[in-house]
Amino acid sequence: MILVLLMFAGCCALGAALRYVADTLLSSHGILLVNVLGSLIAGAVFAAVWGAGASESTTMFLATGLAGSLTTFSTVSLAAGKALLERRYRTTLSTLLLHYGASLTAATLGYLAIAWLTSTAM
């Protein structure tokens, strides 16, 4: 049990560190990048678990630990809420559409890629 917790903590630490680096180096685009990348990872992991028979711990380590700590939709929500309070409606809408639309697309592509790879490998 201790080993599982340490592995989970390691995935969380890696995701958080990558998010920090991306946000620091890429400013506002870093948050978009980590949200899209984290969603891609989550989609791929769920395809591996549901379709390819990967273990449930894979979901915990990679989807919840790595992808969950990598993404930061609360930051996006805060930025959109601030823009809304400042009556910058186009900025609010474009921020939400870009982040959520790109992230949903990435999760779908990650899922489809792994589903395709596992179906052609069999």
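Is Arg87 buried or exposed? The answer comes in point 9. The model is predicted, and the notes below go through it helix by helix.

1. **Overall make-up.** The protein has 5 helices and 0 strands. Read from the N terminus, the order of elements is α-α-α-α-α. The C-alpha trace spans about 50 × 35 × 20 Å along its principal axes. The chain has 122 residues, and 30% of them count as buried.

2. **Contacts along the chain.** Take the contacts between residues at least 6 apart in sequence. Of these, 73% join residues at least 24 apart. Keep this in mind when you look at the helix pairs below.

3. **Helix α1.** This helix covers residues 2-26, which makes 25 residues. At 1.5 Å a residue it should span 36 Å, and its end C-alpha atoms are 36 Å apart, so the two values agree. Its buried residues are Cys11, Gly15 and Ala22. They pack against α2 and α3. Just past the end of α1 sits Ser27, with a positive phi of about 55°.

4. **α1 with α2.** How do these two helices cross, and at roughly what angle? Their axes come within 6 Å and cross at roughly 145°. The crossing is right-handed. From α1, the contact uses Leu18, Arg19, Ala22, Asp23 and Leu26. From α2, it uses Ser28, His29, Gly30, Ile31, Leu33 and Val34. Sorted by class, this contact has 6 nonpolar, 3 polar and 2 charged residues. Ala22 deserves a second look: it is one of the buried residues of α1, and it also takes part in this contact with α2.

5. **Helix α3.** This helix runs over residues 56-70. It has 15 residues and reaches 20 Å from its first C-alpha to its last. That is close to the 21 Å expected at 1.5 Å a residue. Its buried residues are Thr59, Phe61, Ala63, Gly65, Leu66, Ala67, Ser69 and Leu70. These pack against α1 and α2.

6. **α2 with α3.** The axes of this pair are 8 Å apart, and the packing angle is about 170°. An angle over 145° counts as roughly antiparallel, so α2 is roughly antiparallel to α3. On the α2 side, the residues are Val34, Leu37, Gly38, Ile41, Ala42, Val45, Phe46 and Val49. They meet Glu56, Thr58, Thr59, Leu62, Ala63, Leu66, Ala67 and Leu70 of α3. By class, the contact divides into 12 nonpolar, 3 polar and 1 charged. Look at the spacing in the α2 list. An α-helix has 3.6 residues a turn, so residues three or four places apart point the same way. Val34 takes part here, and Val34 is also in the contact of α2 with α1.

7. **α2 with α4.** Helix α2 is residues 28-51 and helix α4 is residues 73-85. Their axes come within 10 Å and cross at roughly 135°. The two helices are therefore oblique to each other. The crossing is left-handed. Ile31, Asn35 and Ser39 of α2 meet Phe73, Thr75 and Val76 of α4. This contact has 3 nonpolar, 3 polar and no charged residues. Ile31 appears here and in the contact with α1 as well.

8. **Val76.** Which residues does Val76 touch, leaving out those up to four places away in sequence? They are Ile31, Asn35, Thr95, Leu96, His99 and Tyr100. Val76 belongs to helix α4. Its relative accessibility is 2%, so Val76 counts as buried; the cut-off for buried is under 20%. Ile31 and Asn35 lie in α2. For a sense of distance, compare Val76 with Thr92: they are 16 residues apart in sequence and 9.7 Å apart in space, C-alpha to C-alpha.

9. **Arg87.** Back to the opening question. Arg87 has 63% relative accessibility, so it counts as exposed. The cut-off for exposed is over 50%. Arg87 lies in the loop between α4 and α5, and α5 is residues 89-121. Its phi is near 60°, a positive value in a residue other than glycine. Ser27, just after α1, also has a positive phi.

Note on methods. Residues numbered from 1 in each chain as written. Predicted model: local features only at pLDDT ≥ 70, side-chain atom pairs only at ≥ 80, totals over all residues. Heavy atoms only, no water. Axes fitted to C-alpha atoms, helices over the stretch in contact; angles between N-to-C directions. Helix = DSSP H or I, 4+ residues; strand = E, 2+ residues; numbered from the N terminus. Parallel < 35°, antiparallel > 145°, perpendicular 65-115°, else oblique. Left-handed = near helix turned anticlockwise from the far one by under 90°. Contact = heavy atoms within 4.5 Å. Nonpolar A, V, L, I, M, F, W, Y, C, P; charged D, E, K, R; others polar. Buried < 20%, exposed > 50% of the residue type's maximum accessible area, 1.4 Å probe, protein only. Expected span 1.5 Å × (residues − 1).
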